[in-house]
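Me: Could you take a close look at one part of this structure, a pair of packed helices, and describe it carefully?

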Amino acid sequence: MIDLRGKVQHADTAFRWIALAAAATVLVVLGLIAFTMTDRSLPVLERMGLRFFTSSRWSAPEGEFGAAAFIFGTLYTATIAVVIAVPVSLGVALFITQAAPPWLKKPMVYMIDLLAVVPSVVFGLWGAFVLSQHFGLGRSFLTAGIILAIMIIPIITSLAREVIETTPNTDKEAALALGATRWEMIRAAVLPHSKGGIVGAVMLGLGRAMGETIAAALVIGSALGQISANPFKPGNSMPAVIANEWGEADELHKSALIALAVTLFVITIVVNLAATAIVQRSMRRSRGG
Amino acid sequence: MATHITTPWLIATMAALGLTTACGKKPEESKATGGSGGTTTTTPGGPVTLNASGATFQKAFQEVATEAFTKISSGTKINYSGGGSGKGRQDFADQVVDFACTDAPYKDADAAKVKGGEFFYIPNVLGAITVSYHADVDKLQLSAPTLAKIFQREIKKWNDPAIAADNPGAKLPATDIVVVHRSDGSGTTENFTKYLDLASAGAWKLKSGSTVEWSPDTQAGNGNGGVAQIVKSTAGAIGYVDLSDAKASGLPYAAIKNQNGKYVEPTAAATSAAGDGIEVKDNLIFSALDAKGDAAYPITAQSWCLIYAKQTDKTKGTALKAYFRYLVTDGQKLLPEIDFAPIPNSLQDKAVAQIDKVQVP
């Protein structure tokens, strides 16, 4: 880089390369992960073919590995989690930004953030002892969904809160000036403005719920081959299976578990891409494009 | 869960390895300076740390044995980190531990991947896997075919005719059976399903392995403790749990019909009796499951520790041999206290002979 006085700016050059290296590292690591994982999952994919995704029979002794039930369990528990978490998170975010008295704002934000730093194994154990035993929910899709919901509420809340706070005051005042009540103002000014960001927050929460391992492993019930819409039945999710079975797995079994990880990886990427697309589309619409 | 536990152990292991190399040099240095008289070293070869991983089945034994061994041989420190038989076999094959223990031998394909060359299986523990239950039945008795049908959900009520046939004259409740198994892959599951496969005369259809295809309408718990806890808190439950965890949870357990047609309760004596009826191969691989003998408890599992035939480090090799010898001789006396059983004397002799073959530079 050469500045206006014609001198070479070493600091600028160095910064450019360091930043580039950092950016490249992320991509290289991601690429390497994708490569090794796919490579190591080939034995099971060659053996099972498409049945790996369509069959729900999972029998290590017979070398039969069908992930359908685990894919279902992952999506089902994550959906339950989002359905529970989104209204709560939005309610909390709107309360903090629009309705809470100023003295309550800071402690509320602090408490929600505190929820985000609780280790997942603590949530899992709490779920196993309190929800499944004390409240008699057992180990089930629902128990896992509730635990996952509690875990993703902080993320969705804090992201939604930050997006909502960016609503221009002029928009809000305009709505109020037209005689809108506070709820009408939220509907007319705040929500349309923050829609994209909120969807993004929800998708991030969904991604976390799908990938959560330990808490899910502790409360989901570890039932094989369970594809049932009944939320009170025990099931299983991809990360929980990996966590439970990795230790004692032999070669083909390990390959099947890695293939589960690849599947999870791909699903998470698809969810994230979908989130980006939704966010961009709604942003274009809110700009009137 | 396992991954969360292993990280600190990994750090501890790495730290310990560093310690070993630091300590291991000292005796040689002192020898080199010529100080030969008046040494007070209790461990032959000097202070040393041995790192190991593997079967959780014998972790309790490793803990008491390590403590007792350190008392008689103060220079040796042993870290047995558990982690499961599969992890033990993998770690041993990759040479990241000094020794490992496992409930099941290597499969042929995996044995070829062991990096350190020839190695020995040293049997050191026998232990009973109980069938613990939570139902209003006094002294439950079960035969292998009935057990197989219960665990694959063909028998769903406690008063099923098959259970009644095993328990003549007993009052059986008309309640539902809840089957509890391990959620994590486990050598205990492998041995239990192997037994059902072996002894149920074809009634067992799920084959054997560290995890099998359990029916969806069953419950799963993490570790022996997790299964015991679910059995204890669920009316009508039945599950397989090792003897020490079953006793610790205060659960009743069934007497199982052995090959000679006798119903035997899992006790240390019945477990040892299973050891008397086993056939051992030259490489000391055997199965204590479904053993012969009137007094033998049929669901008896065994565990081995693995040691490389050619040790590369003198201090470590010497300490390893001493510890292994202790495990199969004096250490065996500790087993009944923790609800395991010693291996038979004849097998102890064979194990010692095998350990003597280990070469130390």
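Reply: What follows describes one helix pair in chain A.

This is a predicted model, in which local features need pLDDT of at least 70 and side-chain atom pairs count only at pLDDT 80 or more, while totals for chains, interfaces and linings use all residues. Residues are numbered from 1 along each chain as its sequence is written, and chains are lettered from A and ligands numbered from 1 in the order in which they are written.

The pair consists of helix H4 (residues 102–117) and helix H6 (residues 141–165) of chain A, whose axes lie 8 Å apart at an angle of about 135 degrees; helices here are DSSP runs of H or I with at least four residues, numbered from the N terminus, and axes are lines fitted to C-alpha atoms over the stretch in contact, with angles from 0 to 180 degrees between N-to-C directions. H4(A) and H6(A) are therefore oblique to each other, since angles under 35 degrees count as roughly parallel, over 145 as roughly antiparallel, 65 to 115 as roughly perpendicular and the rest as oblique. The crossing of H4(A) over H6(A) is left-handed, that is, the near helix is turned anticlockwise from the far one by less than a right angle.

On the H4(A) side, Ile112(A), Asp113(A), Leu115(A) and Ala116(A) take part, and they meet Ile153(A), Pro154(A), Ile155(A), Thr157(A) and Ser158(A) in H6(A), with contact meaning that C-beta atoms, placed from the backbone, lie within 7 Å. The residues of this contact divide into 6 nonpolar, 2 polar and 1 charged, where Ala, Val, Leu, Ile, Met, Phe, Trp, Tyr, Cys and Pro count as nonpolar, Asp, Glu, Lys and Arg as charged, and the others, Gly among them, as polar.

Methods:
Helix = DSSP H or I, 4+ residues; strand = E, 2+ residues; numbered from the N terminus. Contact = placed C-beta atoms within 7 Å.
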